[in-house]
Amino acid sequence: MTELRFVRLGFGPGAVEYTEAWEEQRRVHAARFADEVPDTCLLLEHPPVYTAGRRTADNERPLDGTPVVDVDRGGKITWHGPGQLVGYPIMKLPRPVDVVAHVRRLEEALIRTAAEFGLETTRVEGRSGVWVLGDPVEQRPAIGGLSLDFDPRLTDEEFDPRLNGPEYAPSNAGQRREDRKLAAIGIRVAKGVTMHGFALNVNPDSTWFDRIIPCGIRDAGVTSLSAELGREVTIEEVLPVIERHLRDVLEHADLRPRDIEAVPGA
């Protein structure tokens with residue numbers, strides 16, 4: 001069992017500017033690599049900001065020229081701001097690092113958190129994060145005109161086949177109405193220590209997402225705990241719940257190095 005320390009950096013009027021939090025991440029990352037601090041999860045809100053991962057395409061950025069902070073995490077563009085609970089778990093993992101296993105652990109903690117508030121969520125194959133599934137195709141309302149379904153796996157650069165398996169719901173292509181993303185995950189691992197993390201939509205102004213292609217995914221939407229539950233849920237309510245589930249999942253994780261397949265003839 002590994003101790004997990006939580007640091008609440010700032011919320012509401014004390015929300016932390018993104019670049020300031022990024023600098024704090026780097027400071028804690030260096031200290032964790034040197035074993036000067038235990039595994040640490042920074043929890044906070046940001047003032048409104050768009051951040052773009054390394055794979056963000058130009059046509060996914062805001063069309064109105066709104067500034068974007070380019071960062072060194074994986075994934076594409078997303079929004080952070082009031083009403084969104086952001087967590088940056090900075091943890092030392094065994095090498096070779098199993099990034100997918102780390103993503104799955106974060107998803108599990110978020111799924112448990114949503115469940116405690118009465119919202120059923122799941123994973124979707126090939127896509128990181130936590131999702132509310134759209135209606136099955138047979139329950140779609142009848143609409144006039146031409147309707148085209150397409151398989152996003154054919155063109156979606158964010159589709160990662162490693163994020164498949166029995167615990168993942170199928171992609172929504174041709175099977176459901178719009179799936180809705182409740183929480184996004186984007187991480188980076190440097191020197192065996194994780195950075196960046198997750199963003200859980202609690203009660204944000206979702207119109208901020210309208211200016212971008214969130215996470216580069218065009219056939220899915222964005223939602224929040226408040227929107228799905230039909231009542232106002234606050235960051236203050238969610239904080240102790242998510243801390244408990246993160247602690248339970250991350251402290252009790254059976255950390256193992258990523259399996260390396262032998263190359264025939266090597």
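Author: A residue counts as buried when its relative accessible area is under 20%, and as exposed when that area is over 50%. By that cut-off, the buried residues of α1 are Y18, A21, W22, Q25, V28, H29, A31 and R32. Keep in mind that the model is a predicted one.

Reader: What makes α1 look like a regular helix in its length?

Author: Its span fits. Helix α1 covers residues 18-33, which is 16 residues, and its first and last C-alpha atoms are 22 Å apart. At 1.5 Å a residue, 22 Å is also what you'd expect. After α1 comes D35, with a positive phi near 60°.

Reader: Why is P13 called exposed?

Author: The relative accessible area of P13 is 92%, and the cut-off for exposed is over 50%, so P13 is exposed. You'll find P13 in the loop between β1 and α1. Its C-alpha is 9.9 Å from that of H46, although 33 residues separate the two along the chain.

Reader: And how do you know that α4 has the span expected of a helix?

Author: Helix α4 runs over residues 235-251, so 17 residues should span 24 Å at 1.5 Å a residue. Its end C-alpha atoms are 23 Å apart, and that agrees.

Reader: Which elements do the buried residues of α4 pack against?

Author: They pack against β1, β2, β6, α2, β11 and α3. Among the buried residues of α4 are I235, V238, L239, E243 and H245.

Reader: K191 and H196 come up together. What is unusual enough about phi in K191 to mention?

Author: Phi of K191 is positive, near 55°, and the residue isn't glycine. H196 has a positive phi near 55° as well, again in a residue other than glycine.

Reader: Why do K191 and H196 get their labels, buried or exposed?

Author: K191 has a relative accessible area of 54%, and over 50% means exposed, so K191 is exposed. H196 has 1%, and under 20% means buried, so H196 is buried. K191 sits in the loop between β10 and β11, while H196 lies in strand β11 itself.

Reader: What kind of peptide bond joins R95 and P96?

Author: A cis one, with omega about -5°. P96 belongs to the loop between β6 and α2.

Reader: How many cavities of 30 Å³ or more turn up?

Author: Three, from a search of the whole structure. The second largest holds about 40 Å³ of space.

Reader: What makes the lining of that second largest cavity nonpolar, polar or charged?

Author: L93, P94, D98, A101, R105, L255 and R256 line the cavity. Leu, Pro and Ala count as nonpolar, and Asp and Arg as charged, so the lining divides into four nonpolar, no polar and three charged residues.

Reader: Where is confidence in the protein lowest, and where is it highest?

Author: Among its elements, strand β9 (residues 168-169) is lowest with a mean of 60, and strand β2 (residues 39-44) is highest at 98. The protein averages a pLDDT of 81, with 74% of the residues scoring at least 70.

Reader: What about residues 143-150?

Author: There pLDDT stays under 50, and the model has four contacts beyond four places in sequence for them. Where pLDDT is low, predicted coordinates shouldn't be read in detail.

Reader: How many helices and strands does the protein have?

Author: Four helices and 12 strands. Of its 266 residues, 52% are buried.

Note on methods. Residues are numbered from 1 along each chain as its sequence is written. This is a predicted model: local features need pLDDT of at least 70, side-chain atom pairs count only at pLDDT 80 or more; totals for chains, interfaces and linings use all residues. Side-chain values use heavy atoms; hydrogens and water are left out. Helices (H or I, at least four residues) and strands (E, at least two) are DSSP runs, numbered from the N terminus. The expected span of a helix is 1.5 Å times one less than its number of residues. Buried means under 20% relative accessible area, exposed over 50%, partly exposed in between (1.4 Å probe, protein chains only). On a 1 Å grid over the protein atoms alone, a cavity is a set of points where a 1.4 Å probe fits but cannot get out, and a pocket is an open set with protein on both sides within 12 Å along at least five of seven lines; lining residues have an atom within 4 Å of a point. Grid points are joined across faces, edges and corners, and a volume is the space filled by probe spheres set on the points. pLDDT is the predictor's confidence in each residue, from 0 to 100. Contact means heavy atoms within 4.5 Å.
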